[in-house]
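Reader: Please take me closely through one part of this model, then through its wider setting. Keep it brisk, and give cut-offs as you go.

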Amino acid sequence: MKRKKIVVGNWKMNMTMDQSNSLIKELKSISENDVEIKIAPSFTNLHNAVLLGQLSSSNGQYIEVVAQNIHSEERGAYTGEISAEMLKSIGVKSVIIGHSERRKYFNETDSILSKKVKTAIKYNIGVIFCVGEELSERENNNHFNVIKDQISIGLFDLDAYEINKVVIAYEPVWAIGTGKTANSNQIQEMHEFIRELVKDKFDHLRNKSTNDSAASESLRILYGGSVKPNNAKEIFSLQDVDGGLIGGASLNFADFSTIIKAANG
Ligand code: PGA
């Protein structure tokens, strides 16, 4: 099955409103249609991003807007937090959940993340669910167990159709913002492992009589961690890599557009 590639720019805590608006306008000029382009600006820039990225367009290029976070509860006394319903009401289509920076600096545990996933999906917001091992976990040869736990606690509460709303991003923590990338073998074997986990859990639950394609076959698995213009093509050519989650290199048009082009075709 051919899966359409996705390239997501995770802008983290960068960009003023003007900077965000002008980068989105530049991205709209890209004519690659074989790639789904998504951006995750900060909360203050989301609404403008929706208006610029998802609505008006001269060449038809659609830039999907993704939130960087969501609260697990639907509403209430949680000062400073943002709910699924609020995101939905301004047209945000999906949300990043489980990024290693949220796990590390904001103490988000697997069980909190699992609640966030449930809440997002209840409101029909797509999920980009991030998993990844620390360097010490890889050195101790524990990386497959770590990823298995993160995925099973985070996603295995979903049913065989809800999982369609999820994209998984494999981001080894030691590769994020460090300039180090996992090598092609490490990436491909982990992506294959992740697809296998989803297959074992969900594929047999699908209704064979309606000819649903298997959850694991349509699942998009992105790689993240120091994807740059000079390594994107090789990474995106791996069999189980369906695109990338890009941090630093998504902040300027030249690098980000080169990476998007590398995902085309
Ligand atoms: P990086 O970040 O591309 O700057 O390594 C990736 C991410 O955190 O999603």
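Author: The expected span of a helix is 1.5 Å times one less than its number of residues. Helix 5 (110-122) is the part to examine. Its 13 residues should span 18 Å, and its end C-alpha atoms are 18 Å apart, so the two values agree. Helices here are DSSP runs of H or I with at least four residues, strands are runs of E with at least two, and both are numbered from the N terminus.

This is a predicted model, so local features need pLDDT of at least 70 and side-chain atom pairs pLDDT 80 or more, while totals for chains, interfaces and linings use all residues. Residues are numbered from 1 along each chain as its sequence is written, and side-chain values use heavy atoms, without hydrogens or water.

Which residues of helix 5 are buried? They are Leu113, Ser114, Lys116, Val117, Thr119, Ala120 and Ile121. Buried means under 20% relative accessible area, exposed over 50%, and partly exposed in between (1.4 Å probe, protein chains only). The packing partners of these buried residues include three helices: helix 3 (84-89), helix 4 and helix 7 (143-155). Strand 4 (94-97), strand 5 and strand 6 (166-170) are also among the partners. Contact means heavy atoms within 4.5 Å.

Now the flanks of helix 5. Asn107 sits in the loop between helix 4 (100-105) and helix 5. Its phi is near 50°, a positive value in a residue other than glycine. Asn107 is exposed, at 58% relative accessible area. On the other side, Asn124 comes just after helix 5. Asn124 belongs to the loop that leads to strand 5 (126-131). Its phi is positive too, about 60°, although Asn124 is not a glycine. Asn124 is partly exposed, with a relative accessible area of 45%.

Helix 7 and strand 6, both partners of helix 5, have a loop between them that holds Tyr161. Tyr161 is partly exposed at 38% relative accessibility. Its C-alpha atom lies 23 Å from that of Ser83, and the two are 78 residues apart along the chain.

Next, Gln54 in helix 2 (43-55). Is Gln54 buried or exposed? Gln54 is buried, with a relative accessible area of 10%. A polar atom of its side chain lies 2.8 Å from the backbone nitrogen of Val65. The side chain of Gln54 also reaches the backbone oxygen of Gly91, at 2.9 Å. Polar contacts pair N or O atoms within 3.5 Å; within protein, one must be able to donate a hydrogen and the other to accept it, and sequence neighbours count only if both atoms are side-chain atoms. Leaving out residues up to four places away in sequence, Gln54 touches Ala49, Tyr62, Ile63, Glu64, Val65, Gly91 and Lys93.

Last, the ligand. It is surrounded by 13 residues, the closest being Lys12, His99, Glu171, Gly177 and Ser226. The shell divides into four nonpolar, seven polar and two charged residues. Gly counts as polar in this scheme. A backbone N or O atom of Gly177 lies 2.7 Å from a ligand oxygen. Polar backbone atoms of Gly247 and of Gly248 each lie 2.9 Å from an oxygen atom of the ligand. Taken alone, the ligand exposes 280 Å², and the protein buries 97% of that. Being near the ligand takes a heavy atom within 4 Å, and areas are Shrake-Rupley values with a 1.4 Å probe.
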